[in-house]
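Reader: I am new to this structure and should be grateful for a close look at one part of it. Please take the surroundings of a single strand and follow the connections outward from there.

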Amino acid sequence: MEEGINKRKTEHIRHCLTGNVEGVNKSTGLEGISFIHNALPEINFDDINLAASFLGKQLKAPFLVSSMTGGSELATKINQNLATAAEQKGWAVGLGSTRAFLESDAHKDSFLIRRQAPTVPLIANIGAVQLNYGYGAEDCQRIVDLTGADSIYLHLNPLQEAVQDEGDLNFENLLSKIEKVCKALDVPVGVKEVGFGIDGTIAKKLYEAGIAYIDVAGAGGTSWSQVEKLRSKDPLKKAAAEAFNNWGIPTKDCIVSVRDTLPDVPIVSSGGMKTGVDAAKALTIGADVVGFARKLLQAATESDEAVIQTMGQIELELKMTMLGVGAKTITDLKNTKRVTIMGQSLLEG
């Protein structure tokens with residue numbers, strides 16, 4: 001029987017698969033963006049190229065399997081299916097929090113997925129708050145070395161920790177410790193939220209501390225206060241969590257804020273991404289890579305083939321969007337004027 005942190009990871013997966021874990025009356029904000037159809041695109045659909053680059057490696061499409069899980073029997077199956085599919089489709093892939101990897105010998109194979117994904121960018125992951133609980137740069141480097149990762153995320157999740165029964169709540173003086181990790185590691189260090197968003201002001205502080213890229217992980221998808229509410233045995237926390245069911249910065253607002261503040265820093269857009277059209281919108285307003293999580297989760301419990309099929313649908317939706325605006329490459333899409341943002345058209349003439 002799984003116990004402690006391993007049991008918690010299984011509970012997270014189960015609730016994300018079956019529970020009502022999205023925020024209430026909270027969207028990504030991407031519905032405020034629409035494309036202006038191009039009836040004469042003057043491109044061949046078969047020539048549309050989704051290629052992109054991230055962490056110094058080529059991607060077949062500008063997509064990332066966002067960090068989800070690890071440290072349980074179910075997580076092992078999920079991560080191996082995700083990694084196999086990511087390798088075939090040429091997507092980057094992120095690991096769930098590797099704290100369980102350091103603290104428990106159980107289910108280490110859930111994190112050792114480099115064998116299934118030998119060539120695509122692989123990102124390890126640990127909570128930044130753990131830097132206040134005995135972890136440091138050496139532990140982060142050890143995680144990178146053990147997993148063979150190309151980078152590591154430090155994830156920020158204060159509200160999740162506040163609702164979680166076992167939450168670590170000391171977020172004091174983390175920025176200086178994040179800076180030490182960035183200076184010490186021999187791979188790029190990224191930062192991500194878990195679904196409540198990062199704005200430009202915070203992103204700038206993180207960038208100046210040495211963070212190489214920002215995964216905004218905005219609101220509009222899975223709400224981890226809702227997930228932890230479903231897990232909680234504390235009636236007071238369960239009741240208090242309801243006050244935060246629409247908390248967070250919409251993903252669109254995160255992208256715009258970070259891009260306006262940091263014009264040249266790579267941005268990953270995650271948080272409520274469901275379709276290739278969502279991805280196209282995110283790319284158009286400043287994202288470089290788009291992360292999908294719960295969209296892939298159910299398929300990942302089944303097989304790598306099921307994940308590949310879901311990924312293929314997302315890619316097809318992106319290509320159809322690009323045909324619809326006459327964009328042959330991702331660069332063309334990012335520069336298109338055939339878009340309306342909050343009712344304001346960028347199209348000239």
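Author: The account below begins with one strand and proceeds to its neighbours, the pockets and the aromatic rings. The model is a predicted one.

The strand chosen is β7, which comprises residues 151-155. Five of its five residues are buried, so β7 is largely enclosed by the rest of the structure. Burial extends to both faces of the strand: Ser151, Tyr153 and His155 lie on one side, while Ile152 and Leu154 lie on the other. The partner to consider is β6, which spans residues 122-127. β6 and β7 run in the parallel sense and are joined over five bridges. One point of contact can be named, for Gly127 has His155 in β7 as its bridge partner. As a general matter, strands of a sheet pair through backbone hydrogen bonds, in either a parallel or an antiparallel manner.

Tyr153 leads from the strand to other side chains. Together with Phe54 and Tyr213, Tyr153 forms one aromatic cluster. The ring of Tyr153 also has a charge over it: the charged end of Lys192 sits there, 5.8 Å from the ring centre. A similar arrangement is found at Phe45, where the charged end of Lys319 sits over the ring at 4.9 Å from its centre.

Lys192 leads in turn to the largest pocket, which holds about 790 Å³ of space. Its lining consists of 42 residues, and those closest to the pocket centre are Ser67, Met68, Lys192, Val194 and Trp224. Two or more lining residues come from each of α1 (4-18), β6, α5 (158-163), β11 (289-292) and α12 (294-300). β6, the parallel partner of β7, is thus among the elements that contribute to this lining. The greatest contribution is that of α1, with six residues. By character, the lining divides into eleven nonpolar, 22 polar and nine charged residues.

The second largest pocket holds about 350 Å³ of space. It is lined by 14 residues, of which Leu156, Phe171, Leu174, Ile202 and Leu206 lie nearest its centre. The elements giving two or more residues to this lining are α6 (174-184) and α7 (200-208). Here the division is ten nonpolar, one polar and three charged residues.

The aromatic rings deserve a further word. In total there are seven aromatic pairs. Among them is the pair of Phe101 and Phe111, whose ring centres are 5.3 Å apart and whose planes meet at 35°, an arrangement classed as tilted. Phe101 belongs to helix α3 (residues 99-103), whereas Phe111 lies in the loop between α3 and β6. The two residues are ten positions apart, and their pair links distant parts of the chain. Because its relative accessibility is 4%, under the 20% limit, Phe101 counts as buried. Phe111 is likewise buried, because its relative accessibility is 1%.

A separate sheet provides an example of antiparallel pairing. It is an open sheet of three strands in the order β1-β12-β13. Its edge strands, β1 (33-35) and β13 (344-345), each pair on one side only. Strand β12 (residues 339-341) is joined to β13 by two bridges, and Ile341 stands opposite Gln344 in β13.

How values were computed: Residues are numbered from 1 along each chain as its sequence is written. This is a predicted model: local features need pLDDT of at least 70, side-chain atom pairs count only at pLDDT 80 or more; totals for chains, interfaces and linings use all residues. Side-chain values use heavy atoms; hydrogens and water are left out. Rings of Phe, Tyr and Trp (its six-membered ring) pair if their centres lie within 6.5 Å; planes under 30 degrees apart count as stacked, over 60 as edge-to-face and the rest as tilted. Helices (H or I, at least four residues) and strands (E, at least two) are DSSP runs, numbered from the N terminus. Buried means under 20% relative accessible area, exposed over 50%, partly exposed in between (1.4 Å probe, protein chains only). A charge sits over a ring if NZ of Lys or CZ of Arg is within 6 Å of the ring centre and within 35 degrees of the ring normal. On a 1 Å grid over the protein atoms alone, a cavity is a set of points where a 1.4 Å probe fits but cannot get out, and a pocket is an open set with protein on both sides within 12 Å along at least five of seven lines; lining residues have an atom within 4 Å of a point. Grid points are joined across faces, edges and corners, and a volume is the space filled by probe spheres set on the points. Ala, Val, Leu, Ile, Met, Phe, Trp, Tyr, Cys and Pro count as nonpolar, Asp, Glu, Lys and Arg as charged, and the others, Gly among them, as polar. Two strands pair if DSSP finds at least two bridges between them.
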